[in-house]
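User: I've got a two-chain model open and would like to talk it through. Could you take me around it?

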Amino acid sequence: MNGWILAATVELGGGGAAALWGVATGPPARRLTAQNLTTSVVCPALLLLAQGYARPAYVDLALLLALLGPVGTLVFARLLSGEQVSGPNVRGATWTAAGLDAAVVVAVCAAVGPGRSMVKLLLIGTLLIGGNIIASRALAGGFRGVGGG
Amino acid sequence: MSDAVTVVALLLVAASATAAVAQRDPARQALVLSFLGMVLAVLFTVLQAPDVGLSQLAVGSALTPLLIMLSVRKVRRRGRTKEERT
């Protein structure tokens, strides 16, 4: 067990437990926020695991999740539009998750070194943080004029 | 010691599956279900089956919630129009 897998374990345990608690309890707005943050918790864990197992192919899972996670959140934001209200701490949680994602991507990039895989990692980081921000803005009602109904 | 990450992923899967069953509202169940799909993908990765994890991720994170939410919306809408008719 190396440091990468240990970091993934800690990150998955803490973040996953928090996201599960948020998604299973509380008002609908908090559940939606927690569902959005799940992507930001699980994707860095997959990156750390790929680095820990020394299998660059495992990065594909993180890429797919960075693409599909915000799509899933947008599905909920669109179809639950009757009861969505922005929670008070949405912005703080979003930026905390974005900082965590950026830190993990930078750490894995530093370990990988320059090359094609580093470009892939940077793409994943951009997709992850951009998707997270877009999805949380949609949850806060920023696109209500576009997606109403 | 190296099984710690497996244990964490298994515990998360078990807890989220129980939570998904314990919810009453289908929309909330779908929210917990998408969390469960992502954690299951991590579990498959930890067990060295990333191909299974890849398909689980594709199905579990976006497709299953979409299907459930669409059917919930259709059922609610049908119920509403029936109420208006009677």
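User: Before anything else, how is residues 29-47 of chain B built, and how far apart are the end C-alpha atoms?

Analyst: This is a predicted model, where local features need pLDDT of at least 70, side-chain atom pairs count only at pLDDT 80 or more, and totals for chains, interfaces and linings use all residues. Residues are numbered from 1 along each chain as its sequence is written, with chains lettered from A and ligands numbered from 1 in the order written. Residues 29-47 of chain B are 95% helix and 0% strand (helices are DSSP runs of H or I, at least four residues; strands are runs of E, at least two; both numbered from the N terminus). The end C-alpha atoms are apart by 26 Å.

User: What feature does UniProt place there?

Analyst: The unreviewed UniProt entry marks residues 29-47 and also 54-72 of chain B; positions follow the numbering used here, feature names are shortened, and annotations may be inferred rather than shown by experiment. Residues 54-72 of chain B are 100% helix, with end C-alpha atoms 27 Å apart. The name in the record is "transmembrane region".

User: Is chain B more spread out or less spread out than a compact globule?

Analyst: Chain B has three helices and zero strands. Its radius of gyration (over C-alpha atoms) is 17 Å, well over the 12 Å that the globule rule (2.2 Å times the number of residues to the power 0.38) gives for 86 residues. So chain B is, compared with a compact globule, more spread out.

User: Which element of chain B gives the most to the side that touches chain A?

Analyst: The contact (C-beta atoms, placed from the backbone, within 7 Å) takes 33 residues from chain B and 32 residues from chain A. Elements giving two or more residues on the chain B side are α1 (4-22), α2 (26-46) and α3 (50-85). With 12 residues, the top giver is α2(B).

User: How do α3(A) and α3(B) pack: roughly parallel or roughly antiparallel?

Analyst: Helix α3 (residues 59-79) of chain A and α3(B) have axes 10 Å apart, at an angle of about 5 degrees. Axes are lines fitted to C-alpha atoms, for helices over the stretch in contact, and angles run from 0 to 180 degrees between N-to-C directions. Under 35 degrees counts as roughly parallel, over 145 as roughly antiparallel, 65 to 115 as roughly perpendicular and the rest as oblique. That makes this pair, α3(A) and α3(B), roughly parallel.

Key. Contact = placed C-beta atoms within 7 Å.
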